[in-house]
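Subject: Structure handover

Hello,

Here is the structure for you to take over. My notes on what was found follow below it.

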Amino acid sequence: MSSITGNTFYNAAVYSGTKSWKAFFFGALDSGSFITVDKPPFALWVMGLSARVFGYGTWQLMLPMVAVGTGSVALLYRLVKRDFGVVAGAIAALTLTLTPITVAINRDTNPDPILVFLMLLGAAALLKAVRSGRLMPLVWSGVAIGFAFNTKMMQAYVVLPAFFLVYLWAANISLGRRVRNLAVGTVALIASSAWWMVIVDLIPAADRPYIGGSTDNTVWDLVIGYNGFGRIFGASSSVGSQGNGASFGGSASTYRMFNDIMGGQISWLIPFAAIALVGGLVLRGRAPRTDARRAALMLWGGWFVLHYLTFSLAEGTFHPYYVTAMAPGIAALAGAGGVMLYRAFKEGSAAVGVPPRERIRAWGRAWVLPAAVAVSSVWAVVLLQRVSGSGTIYTVAEIVVGLAGAAAVLGLLVGRFMRRQKLVGFAALAAIVALLAGPSAYSASAATTASSNGTNPTAGPGTGGGMGGGPSGSKGGAPSMSGSKPSGNAPSGSGSSGGQSMGQPPSGTGSTGTKASSESQTGRTAGGMGGGMGGQVSSAMVTYLKKHQDGATWLVAVATDQTASSIILESGQPVISMGGWSGSDNAMTLTKLKGLVKSGKLHYIVVSSQGGQGTNSEISTWVKKHGAAVSAYSGLYRLDASDVS
């Protein structure tokens, strides 16, 4: 295929895994296994197996994502249908299908679609354990969440409080057996979560890659720090901060899901879901403890509320696409709660010949559905007005939402007073149109534009929440993928910090290397290593490096994962990322660098003042003092064994 789809960072790691089983197991960014990505490798394994079987290319990487995205919709339909009927299941499935951020991320190679599918598998097993009272479904639920942990670590655990509460409250067995089964299920959860981490941390550091994103080269630190408390508390966290403070979804607050960046991605049905949750629980208030519908509402409500609070208040690194994990809870509540409110509405409308107190209660419940539709329709219009002028599709959607929402509310109220059941039915259909027209417009944008993919995929028009100048935030552009080997043009580097591209030949220079000094780079000062976030890498430099690799394991060493991943996909060769994602990892030390150079495993290092990464000034100084500057390519130095004292 002529263009790449997805996140260059993960694409490079998958490619490296197709070249080395060691890189595959550890989730290394490069096939030489110098450093891992900053996530556990399960999603990389899934994509990597597809690439090993079918060859490395766009559709081969996207095949698993399409499969799990479709599977999540089908699974949610089945779960909601079992307790609330076909209509509820269909509405839930349609809502999840049309959630804008879910459409965007399912067309990407970030691990989140796999995370969501595994969490839904865990929910399915849990609900089966609640209904049957048997132990094994609960064990399988723990195993599924454990695999989700090995996809994105602590984010998989957000739903656990709801899982524990629902089982402890509603399981169809005695309290003692519930507690015992939960203990066994917890053991299964821990074992399924920890096995890869334990194996990796038991391997001597010299025999495995550096754990990207960690502060002490252990997976445990990555779990509790960068992918744990660091996400919640940000850079001020006492553990594993590692620069965890960048938010691409707006400031942390209870309003975050409704702001200009996040609102169009996820918030369309949040008002309706919240009202449906409360209304549904009230309607099941007198049901037995083991009532399956109330248990399901508790599960989906807990799923929604826990994710909402976590994502809204997280002060660490936050990308809009994270909230795709909240979408199943919203969708399930929209389907299940919506049908429950509709039935209560019809019962209230038909409340004739019953005692006055019961009639008042029934009529009171009958007002909830029109109110929920009205609030959600008004909010959808507000969201669409925010992007008025961004395209005809949003203008049309705004008109549709306004007309359908008004028709739905009026139809429900008139049908109630006049007891016209057909009118109520048509009004309910109008309500579905009103609630889904807005997200459908955003989803259509995500499904038809390649710009929604990359490091920070989003749907709809530009919202300013992206990385590198826009919502799509492609990581340095996208080289093409075709067949079993990367090929194509050099990364475009849309996220470049400006200035001269890394490796771009300066005018009036040749390619002869000369011994470097601090003055050898005219007009440049000593600084950090490698390009900045998304720094450009010229095809000419990559060609030069391949021609002069001279048997080295790694083609070149650069500052960050972003730059390294682009070169890996451009060249098909291993590239060292010395500083990980943010450039602040301590993966490379001067002693380690000298050893690699002396053994002939590495000849070229990029040292540049661009980007301000400053991974290790000691290394920068040493490379400039002892290396030979390749004058044709700014910041590129060659080192040989003879240069190591």
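To begin with one residue: does aspartate 640 count as buried, partly exposed or exposed, and what is its relative accessibility? Please keep in mind that this is a predicted model. Aspartate 640 counts as partly exposed, because its relative accessibility of 25% falls between the cut-offs of under 20% for buried and over 50% for exposed.

Salt bridges

The count comes to seven salt bridges. Aspartate 640 takes part in one of them, with the side chain of arginine 638, at 3.0 Å from N to O. Arginine 638 also forms a salt bridge with aspartate 550, where the closest N and O atoms are 2.8 Å apart. That second pair links distant parts of the chain: aspartate 550 is in the loop between helix H20 (539-547) and strand S4 (557-558), and arginine 638 is in strand S8 (residues 636-638), 88 residues apart. Asp550, Arg638 and Asp640 are thus linked in a network of salt bridges. Within it, arginine 638 counts as buried at 16% relative accessibility, while aspartate 550 is exposed, with a relative accessible area of 51%.

Another salt bridge joins the side chains of aspartate 291 and arginine 284, at 2.7 Å from N to O. Here aspartate 291 counts as buried, with a relative accessibility of 13%.

Backbone

Most residues other than glycine have a negative phi. Methionine 153 is not a glycine, yet has a positive phi of about 55°. Its place is in the loop between helix H8 (135-152) and helix H9 (160-170), and methionine 153 is buried, with a relative accessible area of 1%. Asparagine 217 has a positive phi too, of about 65°. This asparagine 217 lies in the loop between helix H10 (175-202) and helix H11 (219-233) and is buried, at 13% relative accessible area.

Surface charge

Arg78, Lys81, Arg82, Lys128 and Arg134 form a positive surface patch. Helix H4 (residues 58-84) gives the most to the patch, with three residues. Arginine 82 has its place in helix H4 and is exposed, with a relative accessible area of 58%.

Whole chain

The chain has 23 helices and eight strands. Of its 645 residues, 59% count as buried. The accessible surface comes to about 23,700 Å², and 63% of that belongs to carbon and sulfur atoms. Among contacts between residues at least 6 apart in sequence, 71% join residues at least 24 apart.

Regards

Terms used
Residues are numbered from 1 along each chain as its sequence is written. This is a predicted model: local features need pLDDT of at least 70, side-chain atom pairs count only at pLDDT 80 or more; totals for chains, interfaces and linings use all residues. Side-chain values use heavy atoms; hydrogens and water are left out. Patches are made of residues with over 30% relative accessible area and no salt bridge: like charges are joined within 9 Å, nonpolar side chains (Val, Leu, Ile, Met, Phe, Trp, Tyr) within 5 Å. Accessible areas come from the Shrake-Rupley method with a 1.4 Å probe; for residues, only the protein chains shown count as cover. A salt bridge is a side-chain nitrogen of Lys or Arg within 4 Å of a carboxyl oxygen of Asp or Glu. Lys and Arg count as positive and Asp and Glu as negative; His and the chain ends are not counted. The place of a charge is taken as NZ of Lys, CZ of Arg, CG of Asp or CD of Glu. Helices (H or I, at least four residues) and strands (E, at least two) are DSSP runs, numbered from the N terminus. Buried means under 20% relative accessible area, exposed over 50%, partly exposed in between (1.4 Å probe, protein chains only). Contact means heavy atoms within 4.5 Å.
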